[in-house]
Amino acid sequence: MTLDAEDIEPIARRVVELLADTESHGIRLVDAAELARRLSVERDWVYAHARELGAIRLGGRQGRLRFDLVEVRRRLTVNAPESHEPDRRAARGGTRSVTADAVELLPYEQS
């Protein structure tokens, strides 16, 4: 799946919109299903991009993934690289320890 500039901008705007309300209530960590709902994407897409979105694994290697909404917003607003392959193991449901290293995300090709 490749996203272009027309895809990225509405996603980023929607994240900011949704986070504005959530942050005022002190809620920051959400699961993949909730993040997918907020971004209007499939849950599989969230898992495939877990590393780029700054996923946090709770409970060790087999722990559940959670996403910090503030960190997701920050990562969605950075410039996207020219090319990127999503984490295929995450898309297949494989386990992976995820760190919060800064990574650019949401690649797109300009026409």
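**Salt bridges and a small sheet: a chat over the model**

Biologist: Which side chain meets glutamate 71 in a salt bridge?
Modeller: Keep in mind that this is a predicted model. The side chain of glutamate 71 joins its partner with an N to O distance of 2.5 Å. The two residues sit four apart in helix α4, so about one helical turn separates them. The partner is arginine 75.

Biologist: And are glutamate 71 and arginine 75 buried or exposed?
Modeller: The cut-off for that label is a relative accessible area under 20%. Glutamate 71 and arginine 75 both get the label buried.

Biologist: Which residues are joined into one network by salt bridges that share partners?
Modeller: Let's start with one pair, arginine 38 and glutamate 34, whose closest N and O atoms are 2.6 Å apart. Both residues lie in helix α2 (residues 32-39), about one turn of the helix from each other. Arginine 38 has 12% relative accessibility and counts as buried, while glutamate 34, at 22%, is partly exposed. The full network is Glu34, Arg37 and Arg38.

Biologist: How many residues apart are arginine 28 and aspartate 68, the pair that links distant parts of the chain?
Modeller: Their side chains meet in a salt bridge at 2.5 Å, N to O. Aspartate 68 is buried at 12% relative accessible area, whereas arginine 28 is partly exposed at 41%. Arginine 28 sits in the loop between α1 (5-24) and β1, and aspartate 68 in strand β3, which puts them 40 residues apart.

Biologist: How many salt bridges does the count come to?
Modeller: The rule takes a side-chain nitrogen of Lys or Arg within 4 Å of a carboxyl oxygen of Asp or Glu. By that rule the count is six.

Biologist: On to the sheet. What is the order of its three strands?
Modeller: The sheet is open and its pairing is antiparallel. β1 (29-30) and β2 (56-58) are the edge strands, each pairing on one side only. β2 pairs with β3 (residues 64-68) over three bridges, so by the rule of at least two bridges they count as paired. The order is β1-β3-β2.

Biologist: Which helix packs on that sheet?
Modeller: The helix touches β1 and β3, and its direction makes about 65 degrees with that of β3. It covers residues 69-76 and is α4.

Biologist: What pattern does the protein follow along the sequence?
Modeller: There are five helices and three strands to place. Read along the sequence, they give α-β-α-α-β-β-α-α.

Conventions. Residues are numbered from 1 along each chain as its sequence is written. This is a predicted model: local features need pLDDT of at least 70, side-chain atom pairs count only at pLDDT 80 or more; totals for chains, interfaces and linings use all residues. Side-chain values use heavy atoms; hydrogens and water are left out. Contact means heavy atoms within 4.5 Å. Axes are lines fitted to C-alpha atoms, for helices over the stretch in contact, and angles run from 0 to 180 degrees between N-to-C directions. Buried means under 20% relative accessible area, exposed over 50%, partly exposed in between (1.4 Å probe, protein chains only).
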